[in-house]
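Welcome! Please take a moment to look over the sequence and the 3D picture before reading on.

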Amino acid sequence: MDAFSSVVNTSATSLYVSLLSIAFNPTAWNIVARNEYKNRSITRIFGGNARYGCYFLAFMIFSFGILRDHLYQRALADQPRVPLLPEPYATMVPVIMFVLGQIFVVTSTYALGVTGTFLGDYFGILMDHRVEGFPFNVLRDPMYVGSTLCFTATALWYERPVGLLVTLYVYIVYAIALRFEGPFTDMIYSKRGSVEKKEE
């Protein structure tokens with residue numbers, strides 16, 4: 001127990017707030033997006049314009065993502081600092097991991113575009129074909145992988161062991177989200193394919 005308390009400050013409220021924000025984002029957006037697909041709630045708010053509705057959701061997801069990252073850094077600041085890697089690796093490894101993570105996030109966003117990245121398919125804004133270029137030719141879910149790498153890099157940079165535990169939690173949350181998000185997205189495109197075949 002002493003070893004655990006030496007790396008994790010369980011009395012810090014910021015840690016639990018951070019964990020809550022991490023779970024909130026993928027959970028909330030999947031619920032909101034599924035509701036949009038079934039009821040077109042956001043689209044109706046924007047006068048039937050699905051693209052404006054998607055842009056609004058994109059803004060919300062991006063904003064809450066920034067808030068999540070801020071809360072994570074706040075949580076790390078309240079945790080014990082313990083050297084994790086010897087120099088020069090203590091500097092090199094987190095920098096490399098962070099840059100690599102950002103490359104995966106930025107390039108996947110560029111490849112998918114705003115509507116492709118931020119759940120546009122739930123608004124009925126479907127892509128013409130599957131994106132197969134980088135980074136999707138090396139990873140199935142580059143945005144989630146990139147985000148997880150950035151969480152790890154931040155923990156190593158600030159030398160907070162609890163950050164590595166939080167990163168494991170992030171990985172589990174993303175894995176659960178993908179079990180719901182992936183099949184639902186596949187269903188959307190499968191239905192479009194069936195409709196197109198009937199029209200031929």
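What follows is a short tour of three residues in this predicted model.

## Tyr72, tucked away

Let's begin in helix H4, which covers residues 50-77 and holds Tyr72. Is Tyr72 buried or exposed? Tyr72 counts as buried because its relative accessibility is 3%, and buried means under 20%.

Who are its companions? Setting aside neighbours within four places in sequence, Tyr72 touches Ser18, Phe151, Thr154, Ala155, Gly163, Val166 and Thr167. Two of these partners deserve a second look. A polar atom of the Tyr72 side chain sits 2.9 Å from the backbone oxygen of Phe151. Val166 is 94 residues from Tyr72 in sequence, yet their C-alpha atoms are 8.8 Å apart in space.

## Glu181, a buried charge

Next, find Glu181 in helix H7, which spans residues 161-199. Glu181 is buried but forms no salt bridge. Which side chain of opposite charge is nearest to Glu181? That is Arg34, at 8.6 Å, whereas a salt bridge needs the charged atoms to be within 4 Å.

Glu181 does have other company: leaving out neighbours within four places in sequence, it is in contact with Asn30, Tyr122 and Tyr144.

## Val138, out in the open

Our last stop is the loop between helix H5 (89-117) and helix H6 (142-157), where Val138 lies. Val138 counts as exposed because its relative accessibility is 52%, and the cut-off for exposed is over 50%.

How far apart in space are Val138 and Ala175? From C-alpha to C-alpha they are separated by 18 Å, with their positions 37 residues apart in sequence numbering.

Notes. Residues numbered from 1 in each chain as written. Predicted model: local features only at pLDDT ≥ 70, side-chain atom pairs only at ≥ 80, totals over all residues. Heavy atoms only, no water. Helix = DSSP H or I, 4+ residues; strand = E, 2+ residues; numbered from the N terminus. Buried < 20%, exposed > 50% of the residue type's maximum accessible area, 1.4 Å probe, protein only. Contact = heavy atoms within 4.5 Å. Polar contact = N/O pair within 3.5 Å; in protein donor to acceptor, adjacent residues only side chain to side chain. Lys, Arg positive; Asp, Glu negative; His and termini not counted.
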